[in-house]
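Work through the exercises below with the structure open beside you. Try each task before you read its solution.

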Amino acid sequence: MNFSYYRLFILFIAFLGVTFAVLAGETALAFQGDFERNFLITLALYFFSLGFGSLFPFGFFRQNQLLRNLILSFLLLILGGFSVSLLFWLKSIHLSNLAFSSLSYFLPLAVGYLSGFIISETAKNDTGSPREALVAVVIGTFLGLVYCAFLSALKIDFLFSSYISGLAGSVFLLIFSARKKSFLKSGSNTPLLFFVIAIIVFIF
């Protein structure tokens with residue numbers, strides 16, 4: 001097997017993670033104001049939880065790595081892709097500013113932790129050096145930030161951006177899994193089913 005596929009997967013998860021965190025953060029900040037301070041807090045929380053998830057992964061499904069990675073990838077896509085929708089709903093029910101701020105800060109924490117967990121588990125299976133995995137994370141993060149800046153420059157709606165990012169992520173992971181079933185240590189079609197479900201959820 002070509003182990004560069006592991007690093008490509010790590011790069012893409014880092015890209016998705018920071019994209020979802022920034023889109024959710026920008027949406028929350030549009031409601032709250034004080035953009036500069038709150039945006040820095042959002043990024044700080046994301047990168048903190050990214051490192052925390054890499055260092056201290058929660059040990060569920062220890063005997064079934066395939067199921068664990070599938071569940072985490074699926075959760076990242078759904079939570080990230082619908083994070084903006086969730087924030088709009090939270091704002092619509094007229095929460096206090098403190099409650100809304102606390103819940104909005106939870107999103108970059110959750111997305112960062114899931115991303116860090118997935119990256120850490122993937123890197124364990126890569127025969128390359130830890131430095132190469134770190135480079136993949138840095139490149140993926142950089143591309144995600146550039147992508148978000150591009151969306152912002154075009155004034156594309158946050159809600160649409162989050163949906164299309166989640167849908168594109170689901171399609172990529174579906175194609176990736178179909179071409180490299182051995183990547184997730186499974187010869188079955190179970191990984192494909194997870195990402196097909198994610199695609200259907202984003203479309204409908």
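## Warm-up: the whole chain

The protein has 204 residues, and 45% of them count as buried. Keep in mind that this is a predicted model.

**Exercise 1.** State how many helices and how many strands the secondary structure of the protein has.

*Solution.*
- Step 1. Count the elements: there are eight helices and zero strands.
- Step 2. Read along the sequence, and the pattern is α-α-α-α-α-α-α-α.
- Step 3. Turn to contacts with a separation of 6 or more: 83% of them in the protein join residues 24 or more positions apart.

**Exercise 2.** Decide whether helices α1 and α5 run roughly parallel or antiparallel, and find the residues that meet.

*Solution.*
- Step 1. Locate α1, which covers residues 4–32. Helix α5 covers residues 97–124.
- Step 2. Take the geometry: the axes of α1 and α5 are 9 Å apart, at an angle of about 175°.
- Step 3. Apply the cut-off: angles over 145 degrees count as roughly antiparallel, so α1 is roughly antiparallel to α5.
- Step 4. List some contact residues. On the α1 side they include Y6, F9, I10 and I13. On the α5 side they include L107, P108, V111 and I118.
- Step 5. Sort the contact by class: 17 residues are nonpolar, six are polar and none is charged.

**Exercise 3.** Describe how α4 packs on α5.

*Solution.*
- Step 1. Helix α4 spans residues 83–92, and its axis comes within 11 Å of the α5 axis.
- Step 2. The two axes cross at roughly 170°. That is over 145 degrees, so α4 is roughly antiparallel to α5.
- Step 3. From α4, the residues S83, L86, L87, L90 and K91 take part. They meet N97, F100, L103, S104 and L107 of α5.
- Step 4. By class, this contact has six nonpolar, three polar and one charged residues.
- Step 5. Look at K91 again: K91 lies over the face of F100, 5.1 Å from the ring centre.
- Step 6. Check burial in α4: S83, V84, S85, L87 and L90 are buried.
- Step 7. Step past the end of α4 to H94, which has a positive phi near 60°.

**Exercise 4.** Explain why the ring pair of F52 and Y113 is called tilted.

*Solution.*
- Step 1. Start with the full search: it finds 10 aromatic pairs in the whole structure.
- Step 2. Pick the pair F52 and Y113: the ring centres are 6.2 Å apart and the planes stand at 40°.
- Step 3. Compare with the cut-offs: planes under 30 degrees apart count as stacked and over 60 as edge-to-face. The angle of 40° fits neither, so the pair is tilted.
- Step 4. Place the partners: F52 is in α2 (residues 35–55) and Y113 is in α5, so the pair ties together parts 61 residues apart in sequence.
- Step 5. Check exposure. F52 is partly exposed at 37% relative accessibility. Y113 is partly exposed too, with a relative accessible area of 21%.
- Step 6. Try another partner for Y113: L55 is 58 residues away in sequence, yet the C-alpha atoms of L55 and Y113 are 9.9 Å apart.

**Exercise 5.** Name the residues that ring pairs link into a cluster.

*Solution.* The cluster consists of F12, F15, Y147 and F172.

How values were computed
Residues numbered from 1 in each chain as written. Predicted model: local features only at pLDDT ≥ 70, side-chain atom pairs only at ≥ 80, totals over all residues. Heavy atoms only, no water. Phe/Tyr/Trp six-rings, centres within 6.5 Å; stacked < 30°, edge-to-face > 60°. Helix = DSSP H or I, 4+ residues; strand = E, 2+ residues; numbered from the N terminus. Buried < 20%, exposed > 50% of the residue type's maximum accessible area, 1.4 Å probe, protein only. Lys NZ or Arg CZ within 6 Å of the ring centre and 35° of its normal. Axes fitted to C-alpha atoms, helices over the stretch in contact; angles between N-to-C directions. Parallel < 35°, antiparallel > 145°, perpendicular 65-115°, else oblique. Contact = heavy atoms within 4.5 Å. Nonpolar A, V, L, I, M, F, W, Y, C, P; charged D, E, K, R; others polar.
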